[in-house]
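The following exercises concern a single molecular structure. Each task is followed by a solution that proceeds step by step.

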Amino acid sequence: MSIKNVRLEVMQFLEKNIDSFVENYLIPVENIWQPSDLLPDSQNENFYEDLKELREIAKDLPYDFWVVLIGDTITEEALPTYESWLMDVEGVNQVENGGNGWSKWVRNWTGEENRHGDLLNKYLYLSGRINMREVEITTQHLINDGFDIGTDRDPYKNFVYTSFQELATYVSHNRVSQIAKQYGDKRLSKMCKLIAGDEMRHHHAYSEFVNRIFQVDPSEMMLAFQYMMKQKIVMPAHFLRESGQKIGEAFEQFSDSAQRIGVYTANDYVDILRKLIDKWQIDKINGLTSEAEKARDYLMKLPDRMARISERLVIPEESHIFKWVTPALIK
Ligand SMILES: [Fe+2]
Ligand SMILES: [Fe+2]
């Protein structure tokens with residue numbers, strides 16, 4: 001049987017448990033938080049006072065913090081790119097027989113994710129510190145530009161990517177939450193903490209899918225993991241640009257801001273890799289082909305190798321001035 005057919009068979013096998021995945025890893029619509037729970041209620045007569053307080057507290061947040069929060073928001077706002085990519089993965093089908101179990105998973109995951117950009121966008125708008133038009137231009141560019149995460153339509157590679165990425169977004173939203181708290185912004189801290197909680201559940205789901213694939217197709221799963229780590233996990237916003245820029249031009253500067261304030265660093269990348277290796281018990285997987293054994297050896301050595309390289313990384317001290325943030329308004 002061809003590699004592609006085996007993958008389809010494995011996807012069909014896992015699909016039998018879709019309802020339990022949705023039940024265990026996602027929260028029913030009626031029970032989950034919504035952006036409005038965290039924002040001043042515009043129907044309430046205290047709205048203006050609440051808003052004034054939100055804006056007062058926002059005045060203390062520093063420049064790199066805003067850059068990172070905006071970049072994170074734009075990344076979340078490009079959700080149409082991610083949903084359409086996942087719908088196109090082998091084994092996911094939204095058409096035949098009203099859509100299969102995997103398309104249900106993707107839709108329900110998207111429904112949860114959609115709240116993240118919604119909440120952050122409204123917060124940025126209300127804060128009064130941001131050039132929203134520039135942010136919106138970047139978001140539209142990013143959706144137009146799409147992305148290429150190097151996974152092809154392969155479910156194994158895609159689930160490695162999503163396992164990694166959900167954990168990376170957990171780390172980054174969680175750190176933003178901690179920094180907001182240090183600056184006394186309890187509301188923003190809570191918002192980002194709740195978003196981080198969603199990302200962690202999603203990480204658990206995708207890494208469980210990989211776990212189950214390791215049980216039935218270990219060699220191919222190992223090779224897919226190696227493939228993804230060899231070419232490195234690119235961030236979903238790697239094509240980020242500001243108005244008037246070329247594709248991807250703003251990404252590195254955004255990423256420098258994130259490194260400078262410790263929201264997401266090269267060390268975090270290595271840490272996430274270690275966590276995945278532990279979670280999937282890569283050292284204990286049996287029945288591998290000799291090629292997959294070699295892939296395992298490569299993966300086991302990779303975190304230390306990458307840690308040595310990341311020690312040598314130098315991050316510029318000066319912030320790039322983004323059009324998204326009006327410097328006169330920020331400390
Ligand atoms: Fe998200
Ligand atoms: Fe996510």
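**Exercise 1. Determine the sequence spacing of the donor residues of the iron ion (ligand 1), and describe its coordination.**

Step 1. The donor residues of the iron ion (ligand 1) are spaced E-x36-E-x2-H-x82-E in sequence. Donors are N, O and S atoms within 2.8 Å of the metal (3.2 Å for Na, K and Ca); water is not among the atoms, so sites may look incomplete.

Step 2. The coordinating atoms are E76 (OE), E76 (OE), E113 (OE), H116 (ND1) and E199 (OE), at 2.1 to 2.4 Å.

Step 3. The pair E76 and E113 links distant parts of the chain: E76 belongs to helix α4 and E113 to helix α6, 37 residues apart. Helices (H or I, at least four residues) are DSSP runs, numbered from the N terminus.

Step 4. E76 is buried, with a relative accessible area of 8%. Buried means under 20% relative accessible area, exposed over 50%, and partly exposed in between (1.4 Å probe, protein chains only).

A note on conventions: this is a predicted model, in which local features need pLDDT of at least 70 and side-chain atom pairs count only at pLDDT 80 or more, while totals for chains, interfaces and linings use all residues. Residues are numbered from 1 along each chain as its sequence is written, chains are lettered from A and ligands numbered from 1 in the order in which they are written, and side-chain values use heavy atoms, with hydrogens and water left out.

**Exercise 2. Identify the residues that coordinate the iron ion (ligand 2), and state which residue coordinates both iron ions.**

Step 1. E113 (OE), E166 (OE) and E199 (OE) coordinate the iron ion (ligand 2), at 2.0 to 2.1 Å. Along the chain, these donors follow the spacing E-x52-E-x32-E.

Step 2. A distance of 3.5 Å separates the iron ion (ligand 2) from the iron ion (ligand 1), and the residue that coordinates both is E113.

Step 3. E113 in helix α6 (residues 101–127) and E199 in helix α9 (residues 186–216) are 86 residues apart, and this pair links distant parts of the chain.

Step 4. E113 is buried, at 4% relative accessible area; E199 is likewise buried, at 1% relative accessibility.

**Exercise 3. How many cavities of 30 Å³ or more are there, and what lines them?**

Step 1. There are two cavities of 30 Å³ or more. On a 1 Å grid over the protein atoms alone, a cavity is a set of points where a 1.4 Å probe fits but cannot get out, whereas a pocket is an open set with protein on both sides within 12 Å along at least five of seven lines; lining residues have an atom within 4 Å of a point. Grid points are joined across faces, edges and corners, and a volume is the space filled by probe spheres set on the points.

Step 2. The largest cavity holds about 230 Å³ of space. It is lined by 17 residues, and Y82, W109, Q165, E166 and P236 are the closest to its centre. Helix α8 gives the most to this lining, with six residues.

Step 3. By class, the lining of the largest cavity has eight nonpolar, five polar and four charged residues. Here Ala, Val, Leu, Ile, Met, Phe, Trp, Tyr, Cys and Pro count as nonpolar, Asp, Glu, Lys and Arg as charged, and the others, Gly among them, as polar.

Step 4. The second largest cavity contains about 50 Å³ of space. Its lining consists of L86, V89, V92, W102, W105, V106, F159 and Y206, which divide into eight nonpolar, no polar and no charged residues.

**Exercise 4. Describe the largest pocket by volume and lining.**

Step 1. The volume of the largest pocket is about 930 Å³.

Step 2. Its lining comprises 41 residues, with M235, S255, Q259, Y264 and Y269 nearest its centre. Helix α11 contributes the most, with seven residues.

Step 3. The lining of the largest pocket has 23 nonpolar, eleven polar and seven charged residues.

**Exercise 5. Is Q226 buried or exposed, and which residues does it touch?**

Step 1. Q226 lies in helix α10 (residues 218–230).

Step 2. With a relative accessible area of 14%, Q226 is buried.

Step 3. Leaving aside residues up to four places away in sequence, Q226 touches A295, Y298 and L299. Contact means heavy atoms within 4.5 Å.

Key:
Helix = DSSP H or I, 4+ residues; strand = E, 2+ residues; numbered from the N terminus.
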